[in-house]
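Biologist: I should be grateful for a close look at the ligand site in this model. Please describe what surrounds the ligand, and then place that site within the chain as a whole.

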Amino acid sequence: MTLAGRRLLIIVGGGIAAYKVLELVRRLRDQGAAVRTVLTAAGAQFVTPLSLQALSENKVYTDLFSLTDESEMGHIRLSREADLVVVAPATADLMARMATGQANDLASTVLLATDKPVLIAPSMNVMMWQHPATQANLATLRQRGVAVVGPAAGDLACGEVGSGRLAEVPEILTAIVSTLTAHHGPKPLAGRHALVTSGPTWEAIDPVRVIANRSSGKQGHAIAAALAAAGARVTLVTGPVAEPDPPGCTVLRIESARDMLAACEAALPADIAICAAAVADWRVANASDQKLKKGSDGAPVLSFVANPDILATLARHAQRPRLVVGFAAETERVVEHAIEKRQRKGCDWILANDVSPGTGVFGGDRTTVHLVTADGVEPWPSALKVEVARRLVDAIAGVFR
Ligand code: CTP
């Protein structure tokens, strides 16, 4: 992808590295991109609106409440009329305001109002970068799909040494091109229907009590989002989770395994099925219609009956999707169990992950998986669940090419 004709909105934060952004703007213009800039009050301590205006050959936006700006070009339009929003330097303060959804100046308001991809290039003191607050904000932003370039390690302007240098201009340019390609590039799964299960199931004991599990839905939701970004029509069938709905997906909320199966079967035909849900293997056979009361008979005795296996059902269905993918959560002999599980369930691929205590996979943001297929076993490096999702979708795109 070339940058010619691409519309970029650059938000310049307040850091000593802001001067490098002048060079970035110049290089973007050289390559034919249209550049608009928003300069924060702190950013204006380091570069002048005049230099940004001269280099971008465009008006510089600074003030949320400027009446002229609001009548000429409101912050909503400013945030929408771009193919990509780039925050450079992304200071600790800007990242914190993005992560908490604040809208107290033009930059943060634009970032909250935008429906476009966002790339941040962090730059700050090493201790600020390593602070758990900044790292938590970074994780939140990544989780929401914000792309990140840098920071690099080296001598910092404050005299300390470590991670926190703004990425170099060529690196930022490369990241701009790859983020644009990811969002505006080819849609390899256009025209395909993907069915994804995610989250736990809840199995009723009585009208107020359930048996549940700790699945967060992070992996399944990330896969649904990545499939939608690749152009697929996505039906996400999810148990109760706190994760926000992934953009561009049809989300069907269910509670029990039987409801999940019914929703999945009703969503067929599909080209792809990915079962990432942690489905309860059993449900309570003698679930009560009325709330169980503490009585003289002591603790209730629950009996269980097996739930339908959604993955195995889809894999052997008359309307079987062309590609059926399951997960295996293992605590020992991970690959060996996954190979056996792939055959037993009749699916094409299994993503096997080690969920032993201490790995933090359940509920966490990172995971380490092996892709098990008929052709063999491929170990993937430890990565964020959103990165695993993207890699899986790349592999799926390979099948449908
Ligand atoms: N699965 C399903 N329906 C079930 C149980 C599991 O669709 N009733 C799917 C899960 O979504 C996942 C895979 O099957 O894709 C996991 O299989 P499962 O046999 O539950 O394996 P583990 O969770 O790894 O547990 P176990 O080792 O106890 O078999």
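Modeller: What follows begins at the ligand and then moves outward to other parts of the chain.

The model is predicted. The ligand is surrounded by 15 residues, and the closest of them are Cys-275, Ala-277, Leu-311, Phe-327 and Lys-341. By class, the shell around the ligand holds nine nonpolar residues, one polar residue and five charged residues. Three elements each supply at least two residues of this shell, namely α12 (310-315), β17 (323-330) and α13 (334-345). Of the elements that contribute, β17 gives the most, with five residues.

Backbone atoms of the protein approach polar atoms of the ligand at several points. For Pro-308, a backbone N or O atom lies 2.9 Å from a nitrogen atom of the ligand. A backbone N or O atom of Ile-310 is likewise placed 3.0 Å from a nitrogen atom of the ligand. On the oxygen side, a polar backbone atom of Ala-329 is 3.0 Å from an oxygen atom of the ligand. The ligand taken alone exposes 570 Å², and the protein buries 78% of that area. The space that the ligand takes is the second largest pocket.

One residue in the loop between β17 and α13 deserves mention here, namely Arg-333. Its phi is near 40°, a positive value in a residue other than glycine. Arg-333 has a relative accessible area of 48% and therefore counts as partly exposed, since that class lies between 20% and 50%.

As for the chain as a whole, the protein has 14 helices and 22 strands. Its C-alpha trace spans about 75 × 55 × 45 Å along the principal axes. Of the 401 residues in the protein chain, 49% are buried.

Several threonines illustrate the buried part. Thr-201 lies in the loop between β9 (193-198) and β10 (203-204). With a relative accessible area of 0%, Thr-201 is buried, and its side chain is joined to that of Glu-203 by a polar contact of 3.0 Å. Thr-114 is also in a loop, the one between α6 (106-113) and β5 (118-122). Its relative accessibility is 15%, so Thr-114 counts as buried. The side chain of Thr-114 reaches the backbone nitrogen of Lys-116 at 3.1 Å. Thr-235, by contrast, belongs to strand β12 (residues 233-238), and at 6% relative accessibility Thr-235 counts as buried. The C-alpha atoms of Thr-235 and Ala-263 are separated by 9.6 Å, with the two residues 28 apart along the chain.

The backbone also has some particular geometry away from these threonines. A cis peptide bond joins Ala-88 and Pro-89, with omega about -10°; Pro-89 is in strand β4 (residues 84-90). The peptide bond from Gly-150 to Pro-151 is cis as well, with omega near 0°, and Pro-151 is placed in the loop between β6 (147-148) and β7 (152-155). Finally, Glu-57 has a positive phi, near 55°, in a residue other than glycine. Glu-57 lies in the loop between α2 (49-56) and β3 (60-61), and with a relative accessible area of 56% Glu-57 is exposed.

Technical notes: Residues numbered from 1 in each chain as written. Predicted model: local features only at pLDDT ≥ 70, side-chain atom pairs only at ≥ 80, totals over all residues. Heavy atoms only, no water. Near = heavy atom within 4 Å. Polar contact = N/O pair within 3.5 Å; in protein donor to acceptor, adjacent residues only side chain to side chain. Areas by Shrake-Rupley, 256 points an atom, 1.4 Å probe, with all protein chains shown as cover. 1 Å grid on protein atoms, 1.4 Å probe; cavity = no way out; pocket = protein on both sides within 12 Å on 5 of 7 lines; lining within 4 Å. Sits in = over half its atoms within 2 Å of the grid points. Helix = DSSP H or I, 4+ residues; strand = E, 2+ residues; numbered from the N terminus. Nonpolar A, V, L, I, M, F, W, Y, C, P; charged D, E, K, R; others polar. Buried < 20%, exposed > 50% of the residue type's maximum accessible area, 1.4 Å probe, protein only.
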